[in-house]
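The following exercises concern side-chain pairing and burial in a single protein chain. Each task is followed by a solution worked in steps.

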Amino acid sequence: KVVDEGEPGYETVGLYAKKKKIIRLTSKQVLLPGFVDGHAHGPQHAFSGNGLDLPLLDWLKTYTFPAESAFSDVNHARKVYEAAVARHLRNGSTTVSYFGTIHVQGTLALVDICRNAGQRAHVGKVCMDTNAPSYYIETSAKQSASDTRNFIHNVIAQNTETNSKLVTPSIIPRFAPSCSEELLNMLGELSVEHKLPVHTHLSENSSEVQLVKKLFPKATCYADVYARAGLLHERAYFAHCCHCDSFERQVVRVGNAGVVTCPTSNFIVGRALCPVRQWLDEGVELGLGTDVAAGWSSSILVAIRHVVVASRMLAEQQQDPSRALTWKEALYLATKGGANVLGLDVGAIEEGKAFDALLLDVGQGTPGNSPYDAVLPQDDLNTLFERFIWNGDDRNILHVFVDGKRVSGAAPNFQGNNALKTLISAFSGCGFSCAFIAVVCTSGALAALYAKRRSL
């Protein structure tokens, strides 16, 4: 909970501030819910920023499959995943939904790294038993499903052993063209048996959509391929969804599944625009993803900017400017919207929720190293926060908290975790459903900003 001056509890927090080190926000600092990246490929971090010259199917064959095949080497996997997780955290993604590879041990390494780094995550072993190169394919549907079951059991056992709930195993058919019907059906059974999330691709590229029609002639649409296999339900979420017509959108909505739009990669390898406003109007939960490495940046800020630009392009085509997203709506997709899609009780700073948050300095960022300048006298908190959305980067993100613990951030020599623990202990008897986190604010503008944020 954020306690501002004049609110109940402010004086009590002030008493603790005299005795213990308490985080005090300056007039240019903001406490923001942590970003939720709903779709990222962990192994592709190794070549992010390279190989963006081809459409989707050619891109997979030329760059992705060769790079991911190397993750049979667990040491190599650890090296890449450590860098990927650290980068996502530094960019403010307190929660990420990751694709791993077909390798059980390599993907378990990703689980271990997320847990040790303190990042909340969905992580899944990729399943693919057809239409893939001989050097990077699973030998049969039974082997793929068996390895997936083994992966799930390992993650659950590790969660119990470490008493940690940060990482949730997910079911990941890479996409329909790389999975046989037999494998899809087996994965559907696993998702029901263990009540786990399903994370995959849907209608990213027009050539992909045509291929699905050819491979699955009995399905009424691409989404129906997943529905027939028991993979489209309230715990399922689909990346991209650019080419879904009204019938297919209805299939997704009726199944209570979610959508993760990935505008950066949609521009590049998908070469399409996701009708975000249409999905929202039809009542589908929607989040935002970086889709590294088809999306070249692991920063959700980049995705926020691109989803606004993409919506403006679609609105112009439809000759209806009101259909464009605002940056505030895009921010919602990157926080609470993404949390809803993943079925997690985060994405907002509210009583009863885990404290996954970012402490931003939107005025100067890291001292002497700001991505933009605040030089005008009228540059107040609201204008600077908007400038952060469009121009800011990890230099503005001083502290990254997951579940009340600082796990990353640009500010050096942070000593505040003990203060947070003290506040949790001090307020544990207040009757709230979980830890009560109090932050002393010196600016009344913060409350106004969050009032606007919550009204979206």
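**Exercise 1.** Which side chain meets R323 in a salt bridge, and what is the N to O distance?

*Solution.* The model is a predicted one. The partner of R323 is D281, and the salt bridge has an N to O distance of 2.5 Å. Next, place the two residues: R323 lies in the loop between helix 12 (300-317) and helix 13 (327-342), and D281 lies in helix 11 (residues 276-281), so the pair ties together parts that are 42 residues apart in sequence. Finally, consider accessibility: D281 has a relative accessible area of 47% and is therefore partly exposed.

**Exercise 2.** Determine which elements are joined by the salt bridge between D112 and R78, and classify the accessibility of D112 and of R78.

*Solution.* Begin with the distance: the closest N and O atoms of D112 and R78 are 3.0 Å apart. This pair links distant parts of the chain, with D112 in helix 4 (residues 104-117) and R78 in helix 3 (residues 74-90), 34 residues apart. For the classification, the partly exposed class lies between 20% and 50% relative accessible area. D112 is partly exposed because its relative accessibility is 23%. R78, at 28% relative accessibility, is likewise partly exposed.

**Exercise 3.** Analyse the salt bridge between R149 and E193 in the same manner.

*Solution.* The side chains of R149 and E193 meet at 3.0 Å, N to O. R149 belongs to helix 5 (residues 141-162) and E193 to helix 6; the two are 44 residues apart, and the pair links distant parts of the chain. R149 has 31% relative accessibility and so counts as partly exposed. E193 is also partly exposed, with a relative accessible area of 45%.

**Exercise 4.** Is L184 buried or exposed, and which residues does L184 touch beyond four places away in sequence?

*Solution.* First locate the residue: L184 is found in helix 6 (residues 181-194). Its relative accessibility is 2%, so L184 counts as buried. Beyond four places in sequence, L184 touches P173, C179, F216, V225, Y226, A229 and L231. As a spatial reference, the C-alpha atoms of L184 and D129 are separated by 10.0 Å, while these residues are 55 apart along the chain.

**Exercise 5.** How many salt bridges does the structure hold, and which residues are linked in a network of them?

*Solution.* The structure holds 13 salt bridges. D345, E350 and K353 are linked in a network. For the wider setting, the protein has 16 helices and 16 strands, and 57% of its 456 residues are buried.

Terms used:
Residues are numbered from 1 along each chain as its sequence is written. This is a predicted model: local features need pLDDT of at least 70, side-chain atom pairs count only at pLDDT 80 or more; totals for chains, interfaces and linings use all residues. Side-chain values use heavy atoms; hydrogens and water are left out. Helices (H or I, at least four residues) and strands (E, at least two) are DSSP runs, numbered from the N terminus. Buried means under 20% relative accessible area, exposed over 50%, partly exposed in between (1.4 Å probe, protein chains only). Contact means heavy atoms within 4.5 Å. A salt bridge is a side-chain nitrogen of Lys or Arg within 4 Å of a carboxyl oxygen of Asp or Glu.
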